[in-house]
Amino acid sequence: MKNILLICLFMALWGASAAPQAARTVTGTVTDESDRPLVGATIVVAGTVQGTTTDSEGKFTIRIPESRDRIDVSFVGYLARTITLGTRTHVDIQLTEAANPIDEVIAIGYGSKTKANATGAVQNLSVTDAAMRAVSSTDMLLQGKAAGIQMIQNSGQPGADALEIRIRGISSIDNNSSPLVIVDGVESDINRVNPRDIKSVSVLKDASSAAIYGNRAAAGVIIIETRTGRKGIEINYSGSVSAHFATRLPELVDDPVQYIDLANEAFLNTGLKPKYTEATRQQWIDREMKTRQPVDWKKLLFETGMMQTHYVNVSGAGERYDFSFSTGYRDQDGVVFSTRADKLDYRLKMNVLFFDKKLKIGALVSGYETSSHEAQAANTIINRYVANRPILHFKSTEGGRNIYGAGAAFYAIEELGGGNDRRYSDLNSTFTATLTPVKGLTLKALYNQRNSRIRLTKYIPSYEQSANAEVTTGTLKRSELTERADWNKRRTFNATAGYKGRFGRHDIDLLVGYEMRETCSDWNQVKVMDLKKNAPLISYGDPNTLTVAASASEYAAISLFGRLSYEFDNRYLVELNLGRDGSSRFARGRRFGWFPSAAAAWRVSQERFLKEVAWIDNLKLRASYGRLGNDNIGSAYTFTDRMSSQEYYSFGGTQVDGSAITLLSNPFTSWETVEQANIGLDFDFLNAFSFSADIFRKDVSDMLGRLYPVVSLGTGTNGAPQNVGRMRNRGIEVSLSYTKRFRNKLRLTVGGNLAWVENKVIDLGSNRDQWHTTDGSVRSEVGYPMQSLYGYRCIGLYQVDDFTWQNDSDPAIPHMERRYALKPGRTTTTLHANPRPGDLLLEDRDGDNEITTDDIVRLGRGRSDLTFAFNIGGNWKNFDFQLLAQGQGRALAYLQNSAPATTAFTGQIFRSFVRERWTEQTPHYRALHADKQRLAIISSYDMHNAAYLRLKNIQLGYTFTGAWLRKIRLRDLRIYVTGENLLTFTSFPKDFDPERAVDNHTVGAYPLIKSISGGLSVTF
């Protein structure tokens, strides 16, 4: 750290010694309307890039060339001012807060614009709460912040809790639908950035704003810029401690006797003999035997998780340099047994000016180290919760030996030092040079290299296992060790030339550029079994069990792009983009594509007939059209078959090594194309309200997908990629915000956004139902939304009146002793044998009086077409507060494997089902059963409305002020408490969380997290 600061100081002194002498020094202060200093306000010599920022007291010092006498002063959220200096050497400047800052600068591809002059659907997202929320992944900060961005969290597992992000719906059928993320000019991952390092986030939603990124922008673009230093030296520390809890967990029957009774009931309902004898039941009542001690699996598997975060930043700036160095650490224990992760990140960002500040050299070095652990795959551990009965043996120590039950493998592996350990390291280096040789012309070059490595160790030690706690020896489980190392190296180079000029009432902004990207990846894996000692060393394994595997791939892409922006009289705006992109994923002759776009805007509020209307701050109409591409099909080589040398054959009874094609190619594959049209309105009024609305249509053609071959081809299920099918998204986005400062010093901000996105599959060629899940519950069919849910429609339950039984249906015969037979004319089923009261009554769609697979219908959409969010925040005196609520409209969710007999046949029973199960007295719910055929029935009975409204975040903070802070050499001190996901309003079954992707509503999914945190932030 000391060396870094010395280097920065040396650069500052060197820069000062080289400063031109023909200049004067101007000092001043920048304050708000209440005379409070504005820290970090920007002061720039008008017409140049020479500038500085205010310190913690709002003061600044800047050198002014003799030929200049004006400075531009700006601060985010305030109206910018241009000050004429004349002969003054000191100025005190007061900025007025803008409730709707139309002059706010937003990032666009390879540049920036003011909000007022943006022609595309670009939205800046507020990240002012980054230092106040204790989140485990950066993308959580963006949820609910913008209309049209759907963000779904599928897991709360430490190190694996990234959100699924969709901008304006799904953009591909069998391909990557995640947006492109650009961090400081380079493609990256949003969760590679510490949230406290983020300065701004812009989202490019339409094709015109994203077209400059060509073949990478089909799913939208997120642009992130990180912080730089401010004048002086500033040291900041922030930290937090959080307690994590599962938002929802299934409540299971944990009483052994009740479980035995219910299991026997299920077997009798299925027409089988009781599973447990009366003697076994009595043993559990008496609990005299060691094998008759119940196990609290919930207590074993779930716990309160704790997380701590720490962040330190040292930053500063001088007349010719700025720098920022930060490091962060996060340690998180999961709510599921044995799951944990930690992360150490660092970032150094420096800029130095040379040659009368016409040349700026920048360097950014960042990276992180992460590690995570789990005894087994987390979903495997969680599945034990619903599979392990309360009467199942857990662990015994008979004869001084540890003998583990069949359902306790996770515990044995963890206790003996095994598990899955993943270590990830990443080093990212970026160097930039920006030259302004003449006024208006900017030349910039960037080189980036990222090196990353993943090392995975999967170690299963040998242990004894038995289903009986009375034995002194068990079955010895084989030990196993897998070591895998992945390497990835990516290089990026881009060069741009830009010109900005004003000619009377005409403004021109021209940009041309070139970018090259190259990625090399490979991995190696070694696996052995039967280790001679319980220690994770490959050399301890049996050489006869040794297997090795490896793979390598390369990918390259180039882009040529240009942008022309024209403005007339600050009223009429036009922007044209054109890109020519090439990808090595496709065969020669199909690698390149053109990606054009056009946009226009009319600032109606600048017209004479509205300029005198004082209550209108900004009124702008926008329209755009553009074409984007997508080549991200997950394969580096679509035009050549993939070979594997790890295939084995039997010749003469002897196994020999061989090779085979495992992935088919298609040399005719090319770009997936997205064409998008957008019409928008921006309206700011009464210096308090900001309204924005967009209507769009997004057409996807030549969709990239894999057609799966027949098994006889010998390639398994790995099909060849093809361009097949079309899809359309259309929708409306609306956002409204209100900001007001009241006389009692209360500053209030209220906002909300809503988006409706309709998706429809237009064409799938000859493969109408080609894309679907293994069980067929989620399909994509022509004329309907992607990922719709299919199954049988449940119209009720079979009741006693639908059957006859022995002795002419004698009511005196107990229910469990009756041999039921359906009455003539009642609908029969081929899905399972022997229908009984309490079974599902399914709709006979084709009218043949029999339920078959022909009766499967579409039941509803798997993804909601409506998303919404609401926020309220503000500050009063030293207090600040914020609330964010987020949710979605109706969407069906199929609770996979949650039916009752995951349950009585081989596993646990849900308490909710026990309360609602079919009996002759409560005939409104499904009966308990022990039949896998019944379990396999996918019907509307197990599909539920996943609409919800969630209190995503609530926080309260207090900032200390007073002379006592300065006495202890502190500039700022803030403490806060915050909660995440504390309340959820939904009709979804209370055992499950509705906030998941359509294919992830399973009992084995890692629980989502709610948390309560406390933290502080200190600036020295």
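**View 1. V574 on the nonpolar surface patch.** V574 counts as partly exposed, because its relative accessibility is 37%, and the cut-offs are under 20% for buried and over 50% for exposed. The model shown here is predicted. V574 is found in strand 31. V574 helps to make a nonpolar surface patch of about 620 Å². Its partners in the patch are Y499, F503, I508, L510, V512, L564 and L576. Three elements give two or more residues each: strand 28 (480-503), strand 29 (506-529) and strand 31 (572-583). Strand 29 gives the most, with three residues.

**View 2. Helix 3, from end to end.** Helix 3 covers residues 256-269, which makes 14 residues. From first C-alpha to last, helix 3 reaches 20 Å. That is close to the 20 Å expected at 1.5 Å a residue. Look at the start of the helix. There, a side-chain oxygen of D255 reaches to within 3.3 Å of the backbone nitrogen of V257. Now look past the other end. Helix 3 is followed by G271, which has a positive phi, near 85°.

**View 3. The surroundings of helix 3.** Helix 3 is largely enclosed by the rest of the structure, because 11 of its 14 residues are buried. The buried residues are P256, V257, Y259, I260, L262, A263, N264, E265, A266, F267 and N269. What do they pack against? The buried residues of helix 3 pack against helix 4 (278-286) and helix 10 (911-916). In an α-helix, residues three or four places apart point the same way, because there are 3.6 residues a turn.

**View 4. T457 and its neighbours.** T457 is found in strand 25, which covers residues 441-460. Is T457 buried or exposed? T457 is buried, because its relative accessible area is 8%, and buried means under 20%. The side chains of T457 and R423 are joined by a polar contact of 3.3 Å. Leaving out residues up to four places away in sequence, T457 touches G419, N420, D421, R423, L481, T482 and E483.

**View 5. The chain as the setting for the close-ups.** The chain has 1020 residues, and 53% of them count as buried. It holds 12 helices and 57 strands. Take the contacts in the chain with a separation of 6 or more: residues 24 or more positions apart account for 69% of them. The chain exposes about 45300 Å². Carbon and sulfur atoms supply 54% of that area.

Methods
Residues numbered from 1 in each chain as written. Predicted model: local features only at pLDDT ≥ 70, side-chain atom pairs only at ≥ 80, totals over all residues. Heavy atoms only, no water. Patch = residues over 30% accessible without salt bridge, like charges linked within 9 Å, V, L, I, M, F, W, Y side chains within 5 Å. Areas by Shrake-Rupley, 256 points an atom, 1.4 Å probe, with all protein chains shown as cover. Salt bridge = Lys/Arg side-chain N within 4 Å of Asp/Glu carboxyl O. Helix = DSSP H or I, 4+ residues; strand = E, 2+ residues; numbered from the N terminus. Buried < 20%, exposed > 50% of the residue type's maximum accessible area, 1.4 Å probe, protein only. Expected span 1.5 Å × (residues − 1). Contact = heavy atoms within 4.5 Å. Polar contact = N/O pair within 3.5 Å; in protein donor to acceptor, adjacent residues only side chain to side chain.
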